[in-house]
Amino acid sequence: YSESHLEQYVSAASEVRAASPSQPLVFVVRGDLAARSGPSFLAGLSAVDDSYVAAWWSEDVPPTPEAIETLRSGGVTFFDLGEDAEE
């Protein structure tokens with residue numbers, strides 16, 4: 001993910017909050033891409049008040065322990081590791 005993606009997520013969050021100020025937000029990101037994005041991407045998502053970050057993996061790119069740890073340390077709180085994956 002790039003800075004442009006972060007801006008898009010934050011802009012969408014602002015629109016949701018304008019319509020529904022008390023609505024908690026969940027940002028859903030692809031785990032392998034988010035793990036390679038650098039800490040500013042996850043920090044930017046986590047900085048949105050009353051929000052959570054969830055990660056998922058496609059079937060063709062299984063999660064690695066390193067990626068999971070990177071995401072956990074970056075504030076990701078929910079994981080969808082896929083049907084066949086084990087943490």
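Which residue stands opposite Phe79 in β3? Ala55 does. The model shown in these views is predicted.

**View 1. Three strands form an open sheet.**
The strand order is β1-β2-β3, and the pairing is parallel. β1 and β3 are the edge strands, and each pairs on one side only. On average, neighbouring strands of this sheet are turned by 25° against each other, direction ignored. Strands of a sheet pair through backbone hydrogen bonds, either parallel or antiparallel.

**View 2. β2 meets β3 in the sheet.**
These strands, β2 (51-56) and β3 (78-80), pair in the parallel sense. Three bridges join β2 and β3. Ala55 stands opposite Phe79, a residue of β3.

**View 3. Helix α3 lies across β1 and β2.**
The helix spans residues 39-46, and β1 spans 25-30. α3 runs at about 135° to β2. α3 is also part of what covers the buried residues of α1. It belongs, too, to what covers the buried residues of α4.

**View 4. Helix α1 spans residues 3-19.**
The helix has 17 residues. From its first C-alpha to its last, α1 reaches 25 Å, close to the 24 Å expected at 1.5 Å a residue.

**View 5. Helix α1 has a buried side and an exposed side.**
Leu6, Ala13 and Arg17 of α1 are buried. They lie on the same side of α1 because they cover an arc of only 35° around the axis. On the other side of α1, the exposed residues are Glu7, Gln8, Glu15, Ala18 and Ala19. The cover over the buried residues of α1 includes β1 and α3.

**View 6. Helix α4 spans residues 65-73 and buries Ala67, Ile68 and Leu71.**
Seen down the axis of α4, its buried residues fall within an arc of 100°, so they line one face of the helix. Pro65, Glu66 and Ser73 are exposed on the other side of α4.

**View 7. Helices and strands cover the buried residues of α4.**
Which elements are included in this cover? Among the helices are α2 (31-35) and α3. Among the strands are β2 and β3. The residues they help to cover are Ala67, Ile68 and Leu71.

**View 8. Gly75 comes just after α4.**
Gly75 takes a positive phi of about 105°. Ser73, one of the exposed residues of α4, can be located in the same view.

Terms used:
Residues numbered from 1 in each chain as written. Predicted model: local features only at pLDDT ≥ 70, side-chain atom pairs only at ≥ 80, totals over all residues. Heavy atoms only, no water. Helix = DSSP H or I, 4+ residues; strand = E, 2+ residues; numbered from the N terminus. Expected span 1.5 Å × (residues − 1). Buried < 20%, exposed > 50% of the residue type's maximum accessible area, 1.4 Å probe, protein only. Arc of directions from axis to C-beta. Contact = heavy atoms within 4.5 Å. Pairing = 2+ DSSP bridges. Axes fitted to C-alpha atoms, helices over the stretch in contact; angles between N-to-C directions.
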